[in-house]
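This report introduces one protein structure to a reader new to it. The sequence and the structure come next, followed by the description.

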Amino acid sequence: MVISQDIIKEVLFLLHSLLLGAVVTFVYDGFVILRKLFRHTTFLISLEDMVFWIACAIGVFCVLYEENNGMLRWFAVAGAALGMLIYKKTLSPLVVNSIVKVLSLVLRTLGRVFRTVVKPFCFVGKKAAKGGRFLGRKTGRLGKYVKKKLTEYRKTLRIFLRKQ
């Protein structure tokens with residue numbers, strides 16, 4: 001039994017469409033991971049989605065252009081949708097949850113290390129600020145005392161110089 005080259009080409013095109021759908025969903029999972037790790041505003045989520053879908057449209061166009069001379073065929077769209085659905089229901093939860101757990105652990109560990117390294121500097125900074133306030137009060141009093149004495153000496157000196 002001989003299979004036609006055209007049928008093989010169509011099957012490969014369908015497989016590429018399935019793979020494209022899975023890759024698109026995998027890339028979107030990257031955004032989902034970032035959203036789970038860091039708080040996003042509604043504006044930032046909208047911006048990310050817009051950039052993602054523009055990139056997806058360009059990617060789908062490139063695949064259609066290379067594989068099918070730019071013609072949109074519904075089984076290619078159905079293949080991409082099926083690839084998205086299969087990936088989303090099978091691998092996506094495992095990938096997202098695993099990566100989020102690992103990155104959360106790494107970020108928490110880095111945060112603890114950073115706080116441990118910075119803590120002595122914060123302690124020294126607080127003590128220096130407290131000492132600076134103390135010295136400021138003391139030097140303020142000392143400054144007033146010195147100014148008073150210098151004024152007295154100047155007056156005494158003027159009186160002495162006028163007498164002579």
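Buried means under 20% relative accessible area, exposed means over 50%, and partly exposed lies in between (1.4 Å probe, protein chains only). This is a predicted model, in which local features need pLDDT of at least 70 and side-chain atom pairs count only at pLDDT 80 or more, while totals for chains, interfaces and linings use all residues. Residues are numbered from 1 along each chain as its sequence is written, and side-chain values use heavy atoms, with hydrogens and water left out.

Helices are DSSP runs (H or I, at least four residues), numbered from the N terminus. Helix α1 covers residues 5-37, 33 residues in total. From first C-alpha to last it reaches 48 Å, close to the 48 Å expected at 1.5 Å a residue, where the expected span is 1.5 Å times one less than the number of residues. Buried residues of α1 include Phe 13, Leu 20, Asp 29 and Leu 37.

Helix α2 spans residues 42-68 and contains Val 51. Trp 53 lies in α2 as well. Val 51 is partly exposed because its relative accessible area is 48%, and Trp 53 counts as partly exposed at 47%. The C-alpha atoms of Trp 53 and Leu 19 are 17 Å apart, with their positions 34 residues apart along the chain.

His 40 is in the loop between α1 and α2. Its side chain takes part in the pairs below, the second being a polar contact (N or O atoms within 3.5 Å, one able to donate a hydrogen and the other to accept it; residues adjacent in sequence count only if both atoms are side-chain atoms).

| Partner of the His 40 side chain | Distance |
|---|---|
| Phe 38, backbone oxygen | 2.8 Å |
| Glu 48, side chain | 2.9 Å |

Methods: Helix = DSSP H or I, 4+ residues; strand = E, 2+ residues; numbered from the N terminus.
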